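I sat down with this two-chain model and kept a few notes as I went. Here is what I looked up, entry by entry.

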Amino acid sequence: MSVRDWLDERTGYRAVVKHALEEPVLGGASLAYVFGSVLLFVLILQMTTGILLAFYYAPSATDAWASVANIEDRVTMGWLVRGLHHHGASAMVIVAGLHLVQTAVWGAYKRPREMNWIIGVLLLGLIMAFALTGYLLPWDQTGYWATKVATGIAGSSPMIGDQLKAAVQGGNEYGNLTLTRFFALHVFVLPALTLGLVAIHLALFRKHGVTPHWWKSEDALARDVQPFWPDQLFRDFVAMAVAFGGILAWTVHEHGARLDAPADPSSGFDARPEWYFRPLFQALKYFGGSMERIVALGAPVVVGGFLLALPFADKSRERAPQRRPIVMSLLAVGGLCVAALTFLSYREDAGDASLAERQVAAETRAQKARVLAELYGVPAAGGTSVFETATFYRARVIWAKSCAKCHEGDKREGPAIGAGYNTRAWIRGFLTGPSSELYFGRSKLADKEGAMKPVDYTGADLDALVEMVYAETGAPDIDAKKVARGHEIFEDDCSNCHEREVGKESVSAPNLYGRGSRWWLAQFIATPGGATFFGDRNAMPKIGADLSPADRDELARYITWLRVATPANVHALGDP
Amino acid sequence: MSEAPPADGGRRRFLKVATCALGGGIAGTVLVPATRYLLYPVDTTTVTTGDEPIDVMPEARIKKGAPPLRVGLVAPSERDAWGSVQNVPLGAAWVLRDDGGLKAWSAVCPHLGCSIGYDAGDKKFRCPCHDSSFSLAGERLGGPTERGMDPLPWDVKDGRLRITWVRYKVGGSTRETT
């Protein structure tokens, strides 16, 4: 007795396989019948890649984005697995659409297959629910904002809107409970419902058989019968291979799926849904006020209701499409509307130059987040805190907000501060031309009475003076002899206005002790008008006083770093 | 099907082989990357904590002959897959001073990785899971463990004891790091 015989005696598997494969296909195998099988195949692909993603995904508001970035950039083939899952979802929608059109044209919703049609429509709804719940899971900008719109629509439902929204998003605001809910729906509830309905769908399909060609007579159908295995299954597998090849090629072409920057509720973002929700997205633009709600909530109900009611509205036994002009026209008009709205939506976006600019900026931010996450990991605060791992992130944020306006660019009002600030060259330039363009030239201190005069020294003496000022920054590469000479010159010529003893109030100009060092800068930022700084000649706004001591220190650390930085170094930090 | 004309036999056999080939091709194309994806952690260091010594306590607090002290080792930072976290407890050490000087033992049981406790009555270390027991010098006294307690490297800097965390493989009579 062979192993197979032994197994068959205990399980009866041969009869099951025989029953599964030897279904007679009336009228012969056909490429028209492949869509259901392809859909089942893509569903299996989605389940496989979905389970794989679950091995590395964490459904929490602080970890979700970071775990997806980890899949994309660190896990072997992670980008491919996520890409297949993402584009597989699009393939589901496309193939489901083709399946629907084929069965509708063949009249598969008619007696005795009404129940199978209805279950098919419910499955279509589940596919859309998968798409909606899956979009949020990476917790990136696109998913976050697009899903906000979707739950906002749910929240505008009559009577129960608020409760419905709170139930869907798990509380009063987006957060951990939103993700755990969407995750549970996406990976447990929806797959269980889908598998159950697919099982019934297949059982009913076997019960009634394939909906045969309408152009063949009963006799011809009976005469041209072919077995499901291998005649139909071969065609099914060819179609599956084409679908899989398409998904794979597209995934490779697109380098996987997009992952935007981490969800940031404080940012502005141009939320766009996936392409298959574009018709609804576009339709909402044409309606305002209560009409908008009616369209947003009503359109899916109308479309679903039409499809569900179809078997009961069109009860004739006639299956030839040319003799069902009303149903065929309604389907065609519906399809054209969907296509037109989709086209309009993309065309509007394509014509919007400022949108394109914002999208480029969003993409740059996404890339930066990915690089930082890969290099340094995402801090426990999660998501957007990845940017804080960037060098001088905090300082650059403060700089951009509070300092750049006066110390950078064309509309500058104070001395230019950037790469090379407080180097020997910078100090030399200052000493020889304090009121020149790059220094006090644009400030109130320039060339007024009492303004600092250029020093008269040249050669070794000027070098010594530069070295003395440079030494105060705390730079390690100091020539002590030059500094000593610099001190002599200072006493002769500079000490009328400046002090260089710690804490001593100056006569009319800043005390130079520790000038340009980190602690000096931190104090200066806090009180530029202090008695050891510019005193009542100060022209710098007191913005620094509002900063926390830690922020002032971080800013000071950044400014001292500028001394050893090149413009390329500063540029490489990027915009915060 | 049985009533198929004989001429169809060759064609059907081809279709069967071709169908299986297509199915195998698709399955293989998915399975190869899927396997590599799933096995990514096998040869990757997913958790890194750095190997710097961790400051524990003033060395003078460890008195000769006093009962061993259990100290937690907290890493200043850790990279765990996608996350970077601060002040992460890594494990614990038992420290004591005997005639041979200062000793630092990993509290991870070399049997199966439970956390070893101290039995003050019997003056020996005991693992609460499977009753392996160890002397204060870390030697195996009884129970299922095949080796004594694992030592942790330590040094003293500016009067403070610093211990370096080491992950040992559990099980076996020879000591290997992971």
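**Entry 1: across the chains**

Which residue of β4(B) does V378(A) stand opposite? I looked, and the partner is G83(B). A caution to myself before going on: this is a predicted model.

V378(A) belongs to β3 of chain A, which spans 378–379. I checked how β3(A) pairs with β4(B), the strand at residues 83–98 of chain B: the sense is parallel, and there are two bridges. A reminder from my course notes: strands of a sheet pair through backbone hydrogen bonds, either parallel or antiparallel.

**Entry 2: the side of chain A that touches chain B**

Next I looked up the whole contact between the chains. On chain A, 32 residues take part, and they are in contact with 24 residues of chain B. Which elements of chain A each supply at least two residues to that side? I wrote down α3 (34–54), α4 (64–73), α5 (78–105), α11 (228–253), α15 (353–376) and β3 (378–379). The one that gives the most is α11(A), with ten residues.

I also sorted this side of chain A by class. I got 23 nonpolar residues, six polar ones and three charged ones.

**Entry 3: α11(A) and its helix partners**

Since α11(A) gives the most to that side, I looked at how it packs inside chain A. My course notes say that two packed helices are described by the angle between their axes and the distance between the axes.

I took α3(A) to begin with. Its axis comes within 9 Å of the axis of α11(A), and the two cross at roughly 50 degrees. That crossing angle makes α3(A) oblique to α11(A). I noted the crossing as right-handed. From α3(A), the residues in contact are V34(A), S37(A), V38(A), F41(A) and V42(A), and they meet R235(A), D236(A), A239(A), M240(A) and A243(A) of α11(A). By class, this contact has seven nonpolar residues, one polar and two charged.

Then I took α5(A). Here the axes also come within 9 Å, but the crossing with α11(A) is at roughly 130 degrees. These two helices are therefore oblique to each other. The crossing of α5(A) and α11(A) is right-handed. Which residues make the contact? On α5(A) I found L80(A), G83(A), L84(A), H87(A), G88(A), A91(A) and V95(A), and on α11(A) I found A243(A), I247(A), W250(A) and T251(A). The contact of α5(A) with α11(A) has seven nonpolar and four polar residues, with no charged ones.

A243(A) turned up on both of my lists: it meets α3(A), and it is part of the contact with α5(A).

**Entry 4: the outline of chain B**

How many helices and strands does chain B have? I counted one helix and eleven strands. Along the sequence, the helix comes before the strands.

Why do I call chain B more spread out than a compact globule? Its radius of gyration is 28 Å, well over the 16 Å that the globule rule gives for 178 residues, so that description fits. The box that its C-alpha atoms fill is roughly 95 × 35 × 20 Å along the principal axes.

**Entry 5: strands of chain B**

I went back to β4(B), which pairs with β3(A). Within chain B, eleven bridges join β3(B) to β4(B), and these two strands run antiparallel. One of the bridge pairs is R79(B) with S84(B). The two strands form a hairpin with two residues between them, and A81(B) in the turn has a positive phi of about 50 degrees. β3(B), at residues 69–80, also pairs with β1(B) in the antiparallel sense over two bridges. There, V47(B) has D80(B) as its bridge partner.

I then found an open sheet of three strands in chain B, in the order β2-β11-β10 with antiparallel pairing. β2(B) and β10(B) each have a single partner strand, so one side of each is left without a neighbour in the sheet. On average, neighbouring strands here are turned by 30 degrees against each other, direction ignored. I counted four bridges between β2(B) and β11(B), and D55(B) is partnered by R162(B).

My last find was an open sheet of four strands, ordered β6-β7-β8-β9 in chain B, again with antiparallel pairing. Its edge strands are β6(B) and β9(B). Three bridges join β6(B) to β7(B), and Y118(B) has F125(B) as its bridge partner.

Key. Residues are numbered from 1 along each chain as its sequence is written. Chains are lettered from A and ligands numbered from 1 in the order in which they are written. This is a predicted model: local features need pLDDT of at least 70, side-chain atom pairs count only at pLDDT 80 or more; totals for chains, interfaces and linings use all residues. Two residues are in contact if their C-beta atoms, placed from the backbone, lie within 7 Å. Ala, Val, Leu, Ile, Met, Phe, Trp, Tyr, Cys and Pro count as nonpolar, Asp, Glu, Lys and Arg as charged, and the others, Gly among them, as polar. Two strands pair if DSSP finds at least two bridges between them. Axes are lines fitted to C-alpha atoms, for helices over the stretch in contact, and angles run from 0 to 180 degrees between N-to-C directions. Angles under 35 degrees count as roughly parallel, over 145 as roughly antiparallel, 65 to 115 as roughly perpendicular and the rest as oblique. A crossing is left-handed if the near helix is turned anticlockwise from the far one by less than a right angle, and right-handed if clockwise. The radius of gyration is taken over C-alpha atoms; the globule rule is 2.2 Å times the number of residues to the power 0.38.
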